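Subject: Structure handover

Hi there,

Here is the structure I promised to pass on to you. My notes on what turned up in it follow right after.

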Amino acid sequence: MFNIIPGLQKAVAIATPKKHIFFLSHMRSYTSLFGHIMGSNPHICGYYEMHIGYYSWKSLIRQKLLYFDQEPAKPGFKFMFDKILHDDHYTSLNVLNRNDAKSIFCLRHPNDVIPSILKLYKSMDPDHPFNSESFATQYYVQRLTSLEQIANQLEQEFFYLDAESIKLDSLQCLHSLSEWLCLATPLSPKYDIQKNTSRERFGDTSGKLNVGHIATDTNNYAHFKHDPKLQELATRAYDRVRQRLIELSTYRCITRSNDQ
C-alpha cells in the first residue's frame, strides 16, 4: 500500500503538462551548481544534465519518464529543468519556442573554461580528446556559435547571465531569476545534496557541490599558459556571442568584470 502512493505521484507528474526550463550553456560554467540550486526549489524537478535531445513535445514526455524513473516527483511542482551543454543533444526551436518553455543562456569566460576542461579530463579520462587545448577550444567556439544561432531564432523572451554572477553577485542573480520565473518560493544560495550529486555523468565530480551552498571561492587559472592564437579565437567568440545574447535578452544578470 505504501508503495502505491509514490508510483501514483510519478504517474500524475508524467501525465500532467508542466512548464520547462532549459539551461543553455557549455561545460565548466557552474552549470552543476545552477542545476542544484534549481532542483532544490520546491517548484522545480531536475538538477542534472539528462543527456537527451528535444525534438518535439514527445521529448518532453520522455524527459519526465526518464527523470521520474530515478527521482521522486515533488508535490505540486511547476517546472521540469534540464541543462543542455553540447551540440550533440539537439534542441528544436519548436520546443524552445513553446509557450510553456523558458530558456536561460549562460556563458563563462574562456580564460577559465579552457583550463577547467583540461583539468577535469586530465583526472577523469587522460586519453579523451578534451585533454587537448585545441580540441577544448574548438568545442567552446562551436558551442558558443550554436548558442548564438539559437538565440537569433528564438521567438520567446529569454534570460541571459554571466556564469560568474552566481559567485560574484549570488543574491541579485537568484532574485532576478526567481522573479523572471515567477517562483512563489525564491531560489536560495543553499541547496540539497541529491543522490546523484558529484557522480560521473551527472555533473561536477570534484566534490565541491557537497558543501550545500554557493561558495564564493573560484579557481584561479592565471598561471595557465594559453596558446595565444587559441586564446584569441576563444575570446573573440566569447565577446561576440556574449554581446549578442545581452542585446537579445529581455532579462539579464551580468558582472562588471566581464564588461571591463
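Let me start with strand 3, where six of the six residues are buried, so the strand is largely enclosed by the rest of the structure. One thing to keep in mind from the outset is that this is a predicted model. The cover on strand 3 extends to both of its faces. On one side, Phe79, Phe81 and Lys83 are buried, and on the other side the buried residues are Met80, Asp82 and Ile84.

The neighbours of strand 3 come next. Strand 1 pairs with strand 3 in the parallel sense, over six bridges. Within strand 3, isoleucine 84 is the residue that stands opposite leucine 24. Strand 2, which covers residues 44-45, also pairs with strand 3 in the parallel sense, here over two bridges. There, phenylalanine 79 of strand 3 is the bridge partner of isoleucine 44.

These strands belong to an open sheet of six strands with parallel pairing, in the order 2-3-1-4-5-6. Strand 2 and strand 6 (251-253) are the edge strands, and each of them pairs on one side only. Elsewhere in the sheet, strand 4 (residues 101-107) and strand 5 (residues 158-162) run parallel and are joined by five bridges. Serine 103 has phenylalanine 158 in strand 5 as its bridge partner.

Now for the aromatic rings. The whole structure holds 14 aromatic pairs. In general, such a pair is described by how far apart the ring centres are and by the angle of the planes. For phenylalanine 23 and phenylalanine 81, the centres are 6.3 Å apart and the planes are at 55 degrees, so this pair is tilted. Phenylalanine 23 belongs to strand 1 (residues 19-24) and phenylalanine 81 to strand 3 (residues 79-84), so the two rings tie together parts that are 58 residues apart in sequence. Phenylalanine 23 counts as buried because its relative accessibility is 0%, and phenylalanine 81 counts as buried at 1%.

Another pair is formed by tyrosine 67 and phenylalanine 68: with the ring centres 5.4 Å apart and the planes at 80 degrees, this pair is edge-to-face. Tyrosine 67 is buried, its relative accessible area being 6%, and phenylalanine 68 is buried too, at 2%. Both rings are part of a cluster in which ring pairs link Tyr47, Tyr48, Tyr67, Phe68 and Phe77.

You may also like two contacts between a charge and a ring. Lysine 102 has its charged end over the ring of tryptophan 180, at 4.2 Å from the ring centre. Likewise, the charged end of arginine 108 sits over the ring of tyrosine 30, at 4.3 Å from the ring centre.

Finally, a look at the surface. Trp57, Ile61 and Leu65 make a nonpolar surface patch of about 300 Å². Leucine 65 lies in helix 3, which runs over residues 57-68. With a relative accessible area of 46%, leucine 65 is partly exposed, because that value falls between the 20% limit for buried and the 50% limit for exposed.

Happy to talk any of this through whenever suits you.

Best wishes

Note on methods:
Residues are numbered from 1 along each chain as its sequence is written. This is a predicted model: local features need pLDDT of at least 70, side-chain atom pairs count only at pLDDT 80 or more; totals for chains, interfaces and linings use all residues. Side-chain values use heavy atoms; hydrogens and water are left out. Patches are made of residues with over 30% relative accessible area and no salt bridge: like charges are joined within 9 Å, nonpolar side chains (Val, Leu, Ile, Met, Phe, Trp, Tyr) within 5 Å. Accessible areas come from the Shrake-Rupley method with a 1.4 Å probe; for residues, only the protein chains shown count as cover. A salt bridge is a side-chain nitrogen of Lys or Arg within 4 Å of a carboxyl oxygen of Asp or Glu. Helices (H or I, at least four residues) and strands (E, at least two) are DSSP runs, numbered from the N terminus. Buried means under 20% relative accessible area, exposed over 50%, partly exposed in between (1.4 Å probe, protein chains only). Rings of Phe, Tyr and Trp (its six-membered ring) pair if their centres lie within 6.5 Å; planes under 30 degrees apart count as stacked, over 60 as edge-to-face and the rest as tilted. A charge sits over a ring if NZ of Lys or CZ of Arg is within 6 Å of the ring centre and within 35 degrees of the ring normal. Two strands pair if DSSP finds at least two bridges between them.
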